[in-house]
Amino acid sequence: MKDLPIYSKQTVEFVTVGAEYCAFIEKSGELERVEFVDKCVKLLPLLYLKAVLLPETEYQLDEPAEQFVTEEMYEYIRGSISRLLGAQDDYLEVFIDDMQYSENPINSSVSEDLTDIYQDIKDFISVYSMGYEATMNDALARVNENFREYWGQKLVNGMRPLHAIRFGEPIEEENENSAEHSQNSNWLFENQRNSSIDDLDADDWSKWDNGK
């Protein structure tokens, strides 16, 4: 059992970093811009590294993996990050397929990039935490596939404007993250605790330890 890809050291490390990323993104409405950006430029490269090292596995089930991130949750998080970054949320993207057919720059947003990454990792962790090996396996296969084809590129794209914000000219904090917004920042996630890494039972941790 310990030789299964879902219990490998690389997978466990990705789950750990992914859970940290999701928890951080869910609390974005409580943070100041400087704190948020500083955390992003430290956490995103680590997340990319752990994703690159994920083991290969083949799908075992015919039905698609269950999804946990609703449209409401997605829009709430995207909006929280967008308000936090303000005018610096948008950036011009050049490394996408559509650019070769366009004469004009194409706009992208950091908030959408980060939320797309969150959505895929949150769905993966939520399935993984259930402890059913077949669905865990397929969730691993899917997150691996999506990283290579979709959100891995979004991660490195988003790092460019985040790096510019973090190490560019100092910016004044905008108080668009009001006390009212911060008060409500986690209400959508109170019922998602079962997907937290901390909620895994002793048997799950034992499996992880044996897999290291």
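This report walks through a predicted model of one protein chain, from its overall make-up to its core, two helix pairs and two single residues.

**The chain as a whole**

Let us start with the broad outline. The chain contains seven helices and two strands. Following the sequence from its start, you meet them in the order α-α-α-β-β-α-α-α-α. The chain has 212 residues, and 47% of them count as buried. About 11700 Å² of the chain is exposed, with carbon and sulfur atoms supplying 48% of that area. Contacts often reach far along the sequence: among those between residues at least 6 apart, 82% join residues at least 24 apart.

**The nonpolar core**

In soluble globular proteins, nonpolar side chains tend to be buried together. Here the largest nonpolar core has 49 residues, and Y21, F36, L114 and W151 are the ones with the most contacts inside it. Five helices each supply at least two residues of this core: α1 (9-26), α2 (33-52), α3 (71-85), α4 (110-128) and α5 (133-167). The biggest contribution to the core comes from α5, with 10 residues.

Y21 is a good place to look more closely. Leaving out residues up to four places away in sequence, Y21 touches L43, L44, L47, L114, I117, Y118 and I121. One of these partners, L114, is itself listed with Y21 among the core residues with the most contacts.

**Two helix pairs**

Two packed helices are described by the angle between their axes and the distance between the axes. The table sets out two such pairs, both of which involve α2.

| Helix pair | Angle between axes | Axis distance | Handedness of crossing |
|---|---|---|---|
| α1 and α2 | roughly 155° | within 10 Å | left-handed |
| α2 and α5 | about 155° | 10 Å | left-handed |

Angles over 145 degrees count as roughly antiparallel. The helices α1 and α2 are therefore roughly antiparallel to each other. For the same kind of reason, α2 and α5 are roughly antiparallel too.

Which residues make the contact between α1 and α2? On the α1 side they are E13, F14, V17, G18, E20, Y21, F24 and I25. On the α2 side they are F36, K39, C40, L43, L44, L46, L47, K50 and A51. Y21 thus turns up again here, in the contact with α2.

In the other pair, α2 brings V37, D38, C40, V41, L44, P45, L47, Y48, A51 and V52 to the contact. Facing them in α5 are N144, F147, W151, G152, L155, V156, M159, L162, H163, I165 and R166. C40, L44, L47 and A51 of α2 take part in the contact with α1 and also in the contact with α5.

**Two residues to compare**

Is Q60 buried or exposed? Q60 counts as exposed, because its relative accessibility is 51% and the cut-off for exposed is over 50%. Q60 sits in the loop between α2 and α3. Although Q60 and A134 are 74 residues apart along the chain, their C-alpha atoms are separated by 6.4 Å. Beyond residues up to four places away in sequence, Q60 touches A134, N137 and D138.

S111 belongs to helix α4. With a relative accessibility of 0%, S111 counts as buried, since the limit for buried is under 20%. Setting aside neighbours within four places in sequence, S111 is in contact with R78, I81, S82 and D89.

How values were computed. Residues numbered from 1 in each chain as written. Predicted model: local features only at pLDDT ≥ 70, side-chain atom pairs only at ≥ 80, totals over all residues. Heavy atoms only, no water. Helix = DSSP H or I, 4+ residues; strand = E, 2+ residues; numbered from the N terminus. Buried < 20%, exposed > 50% of the residue type's maximum accessible area, 1.4 Å probe, protein only. Contact = heavy atoms within 4.5 Å. Areas by Shrake-Rupley, 256 points an atom, 1.4 Å probe, with all protein chains shown as cover. Core = buried A, V, L, I, M, F, W, Y, C linked by side-chain atoms within 4.5 Å. Axes fitted to C-alpha atoms, helices over the stretch in contact; angles between N-to-C directions. Parallel < 35°, antiparallel > 145°, perpendicular 65-115°, else oblique. Left-handed = near helix turned anticlockwise from the far one by under 90°.
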